[in-house]
Amino acid sequence: MRQIKIFIWVLADIFALGILVVSRAPAQKLPPKKERRRLRGGTASALGALKSFAGITLDGEMFTQKDIAAKDITIINFWTLTCGSCLVELPDLAAFAGALPDNVRMMTVCVDGGGDPEITAEVLQKAGFEGVTIIAGGGDLATLCGNLMYTPTTVVVDSEGNLMGDAIIGAQTDLSGTYLAAVNAALKETGKTEIRLAE
């Protein structure tokens, strides 16, 4: 168990270093507002893509682009332990995740979770979130994290790793409605059937 903790700490340090290195790169400029809607990726695509990456989950498992490819849509919420609005919306994320059909996954990336996985697990347990949470990673995931300006930020990803539509920034007053609309827009754009949430 001690070796696993050391391994997670080392990966968390590598992940944090990757974010620092990437965050020093020049910020990507968004296209003019009227052109954003015409882009397949919307404003979210300016953050990057998830075509080649490896992440370590809170459970110590690997999560890669192959896991993204296994679902039509993956919704990823990026949050931190020090973000009050992130913590407040976690129970709503858990409820939304529980109402999704099998072809859509809700997951989180706790950007600072590798520094204290026990606290991260406790926070998620109290919120009732049982989905995948990544606490360290590299490749496109580190690039995307380095491009984030705010938490919470949520993106919708298709099975090819493309970020679809607009990034959802900040806590949402109608989380389920906002996320469902983003998911259905992405499904429609990829030629898939729109979904409904389970009651």
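Which residue does a disulfide join to Cys83? In this predicted model, the partner of Cys83 is Cys86, and the two sulfur atoms lie 2.3 Å apart. A search of the whole structure finds 1 disulfide. The angle about the S-S bond is 80 degrees, and the link of Cys83 and Cys86 is right-handed. Cys83 and Cys86 are both buried. Cys110, by contrast, takes part in no disulfide. The cysteine sulfur nearest to Cys110 is that of Cys86, at 8.5 Å. A disulfide requires two cysteine sulfur atoms within 2.5 Å, so a separation of 8.5 Å does not qualify. Cys110 has a relative accessibility of 0% and therefore counts as buried. Cys145 is buried as well, with a relative accessible area of 6%.

Aromatic side chains were examined next. A pair of aromatic rings is described by two quantities, the distance of the centres and the angle of the planes. The search of the whole structure finds 2 aromatic pairs. In one of them, the ring centres of Phe53 and Phe63 are 6.3 Å apart and the planes meet at 35 degrees, so this pair is tilted. The tilted class covers angles that are neither under 30 degrees nor over 60 degrees, which is why 35 degrees falls into it. Phe53 belongs to strand β1 (residues 53-57), while Phe63 belongs to strand β2 (residues 62-64). The contact therefore ties together parts that are 10 residues apart in sequence. Both of these residues, Phe53 and Phe63, are buried.

Phe96 and Tyr179 also form an aromatic pair. Their ring centres are 5.5 Å apart, with 90 degrees between the planes, and the arrangement is edge-to-face. Phe96 is located in helix α4 (residues 84-98) and Tyr179 in helix α7 (residues 175-189), so this pair ties together parts that are 83 residues apart in sequence. The relative accessibility of Phe96 is 0%, and Phe96 counts as buried. Tyr179 has a relative accessible area of 1% and is likewise buried.

Charged side chains were considered last. Side chains of opposite charge can pair when their charged atoms come close. The structure holds 2 salt bridges. One of them is formed by the side chains of Asp72 and Lys192, with an N to O distance of 3.9 Å. The cut-off for a salt bridge is 4 Å, so the pair of Asp72 and Lys192 is counted at 3.9 Å. Asp72 is found in the loop between α3 (65-69) and β3 (73-79), and Lys192 in the segment after α7. This salt bridge therefore ties together parts that are 120 residues apart in sequence. Asp72 is partly exposed, its relative accessible area being 23%. Lys192 is also partly exposed, with a value of 38%.

A salt bridge is also formed by Lys126 and Glu122, whose closest N and O atoms are 3.4 Å apart. Both residues lie in helix α5 (residues 117-127). Lys126 and Glu122 are 4 residues apart, about one turn of the helix. Lys126 counts as exposed, at 68% relative accessibility, whereas Glu122 is partly exposed, with a relative accessible area of 38%.

Notes
Residues numbered from 1 in each chain as written. Predicted model: local features only at pLDDT ≥ 70, side-chain atom pairs only at ≥ 80, totals over all residues. Heavy atoms only, no water. Phe/Tyr/Trp six-rings, centres within 6.5 Å; stacked < 30°, edge-to-face > 60°. Helix = DSSP H or I, 4+ residues; strand = E, 2+ residues; numbered from the N terminus. Buried < 20%, exposed > 50% of the residue type's maximum accessible area, 1.4 Å probe, protein only.
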